[in-house]
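Biologist: Before I rely on the labels attached to this model, I would like to go through them with you, setting each value against the cut-off behind it. Could we look at the structure together?

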Amino acid sequence: GRKPIDVGATEDCLWVLDHGDRCIRRVDKRSGETTLCFQGGPGLQGYTHGLLYRDGQLYVHEADFSRLRRVEWKQDGPAVWSWTEPLKMTFVQESWNEHDRATSTVEFRVPIPPERETQTVGDISWSQRPTRVARDDYGQAIAQFANIRIPPKGSHTLKYTLDVQPRAVQYDPPRLPLSTLEDIDPAIRKTYLATNKLYCLDDRAVRAAAVQARKDAQGKEPSDVRALIENIADYLVRKMSYEVDDSWKDAKTVLAGDKGSCSEYSFVFSALCRLNKVPTRLIGGIQIGDYATPHDVRGFHRWTEVYFPEIGWIPVDVTKIDGAEGSLDYEFLFGNPGYFVVLSQGDFDADALGMTYAIWRNYSGGRRKRDTYVHFEPAKDADAGRVVTLRK
């Protein structure tokens, strides 16, 4: 591992806790080779004292919360799945009209969290009935709310509640020849290699960056699809730095400034991948805090998925890899550690969510103030047999 901090032994293997890649490795006792690598869940985010193997179960010590968490995993071809957690999620949009006399009129479009490999979702319950529910050009379900009127000095709250179970996944993609990109379903290629206002694929500077990005740091051309994607991600890590402002700029503008938010990283990464024949789509979500206690979260986040030949959609989060939070988190290269809930997936549709991914808003009249957040709490009996609370 890059930063091993603890090791545990069983009859047939060793278990290594690696803080460098924030993962747990199963190591062959005889050869020393890693035979399995997976995310242990949110317990590896913060401070940990290590691993414990007892009665056939592997636990990680989540020292921040004084508890042991049972680690679970399943290998499925190039994917290792781990950490599923039943949660109750409530999305909240609060709006205030602070004007003394004028009424504020509001329209919302809210994506409905999709059922997908990285999460299962239950039935959704709304605080008010949507005007209509439609799907955008990429199949994302969107609830629309029209003509909401907020009187002077009044307020309005829109909520939905559902049960969701996110889970972690880490892929180890094979070294497939670049020619296999041509074998991807033509419908996927047509939709997810296209240009739009975010990507600027016809811009000369963006096209020049795509040629440069396909090569590694030494200027060597990639020999396979995985190396191509890794080179493009590494190019952005070397070129860009993380910065948040109050706007989203297109790939051409972001490349010229070498700085961007998570959304802008995703726009540039998608542009460079698409010009190199790798289909991409945008993923928008919310980052969970502590999964075992009720809490509110405002940590919205966007990343990218690439369509890998013979596998399908797999995640690449260049913002996280770039160390925006202080470290190179390689769990986000071809992986998702499980403490995100996906709110929407697809791409830019001007007639639906536009550039947004959590909620589209249109306010008119009055003087508005708003707050958007998500409340999480563990589902009933969610931690039965999974978590052991430690007492001093």
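Biologist: Why is K88 called partly exposed?

Modeller: This is a predicted model, and in it K88 has a relative accessibility of 32%. Buried means under 20% and exposed over 50%, so K88, at 32%, counts as partly exposed.

Biologist: What makes the contact between D163 and K88 a salt bridge?

Modeller: The side chains of D163 and K88 meet at 3.1 Å, N to O, and the cut-off for such a pair is a side-chain nitrogen within 4 Å of a carboxyl oxygen. D163 lies in strand β16 and K88 in strand β10 (residues 87-97), so the pair ties together parts that are 75 residues apart in sequence. D163 is also partly exposed, because its relative accessibility is 38%. A search of the whole structure finds 23 salt bridges.

Biologist: Which salt bridges does K249 make, and with what N to O values?

Modeller: The side chain of K249 meets that of D245 at 2.7 Å, N to O, and that of E264 at 3.2 Å, N to O. Set against the 4 Å limit, both values qualify, so the contacts with D245 and E264 are each called a salt bridge. K249 lies in the loop between β17 (241-242) and α4 (251-257), while E264 lies in helix α5, so this pair ties together parts that are 15 residues apart in sequence.

Biologist: Are the residues of these two bridges buried or partly exposed?

Modeller: With the limit for buried set at under 20%, K249 at 24% relative accessibility counts as partly exposed, and so does D245, with a relative accessible area of 38%. E264, in contrast, has a relative accessible area of 1% and is therefore buried. Elsewhere, salt bridges that share partners join D172, R175, D224, R226 and E230 into one network.

Biologist: What makes you say that helix α5 is largely enclosed by the rest of the structure?

Modeller: The statement rests on a count: 13 of the 14 residues of α5 are buried, so the helix is largely enclosed by the rest of the structure.

Biologist: How do you know that the span of α5 is close to the expected one?

Modeller: Helix α5 (residues 262-275) reaches 20 Å from its first C-alpha to its last, and the expected value at 1.5 Å a residue is 20 Å. Just after α5, K277 takes a positive phi of about 70 degrees.

Biologist: How do you know that C23 and C37 are in no disulfide?

Modeller: The nearest cysteine sulfur to that of C23 belongs to C37, 3.2 Å away, and the nearest to that of C37 is, in turn, the sulfur of C23. A disulfide needs the two sulfur atoms within 2.5 Å, so at 3.2 Å neither C23 nor C37 is in one. The structure as a whole holds 0 disulfides. C23 counts as buried because its relative accessibility is 1%, whereas C37 is partly exposed, with a relative accessible area of 24%.

Biologist: Which residues lie nearest the centre of the second largest pocket?

Modeller: C37 is one of them, together with Q170, Y171, D172 and R226, in a lining of 21 residues. The elements that give two or more residues to this lining are β3 (23-28), β4 (34-38), β16 (155-171) and α3 (225-239). The largest share, 4 residues, comes from β4, and the space in this pocket is about 420 Å³.

Biologist: What lines the largest pocket?

Modeller: Its lining has 19 residues, with W248, F300, Y357, R361 and R370 nearest the centre. Both α5 and β26 (368-378) give two or more residues to it, and the lining divides into 8 nonpolar, 5 polar and 6 charged residues. About 600 Å³ of space lies in this pocket.

Biologist: What makes a space a cavity instead of a pocket, and how many cavities are there?

Modeller: A cavity is a space where a 1.4 Å probe fits but cannot get out, whereas a pocket is open. A search of the whole structure finds 4 cavities of 30 Å³ or more. The largest cavity holds about 160 Å³ of space, and R302, S344, G346, D347 and T356 are the closest to its centre among the 20 residues that line it.

Notes. Residues are numbered from 1 along each chain as its sequence is written. This is a predicted model: local features need pLDDT of at least 70, side-chain atom pairs count only at pLDDT 80 or more; totals for chains, interfaces and linings use all residues. Side-chain values use heavy atoms; hydrogens and water are left out. On a 1 Å grid over the protein atoms alone, a cavity is a set of points where a 1.4 Å probe fits but cannot get out, and a pocket is an open set with protein on both sides within 12 Å along at least five of seven lines; lining residues have an atom within 4 Å of a point. Grid points are joined across faces, edges and corners, and a volume is the space filled by probe spheres set on the points. The expected span of a helix is 1.5 Å times one less than its number of residues. Buried means under 20% relative accessible area, exposed over 50%, partly exposed in between (1.4 Å probe, protein chains only). Ala, Val, Leu, Ile, Met, Phe, Trp, Tyr, Cys and Pro count as nonpolar, Asp, Glu, Lys and Arg as charged, and the others, Gly among them, as polar.
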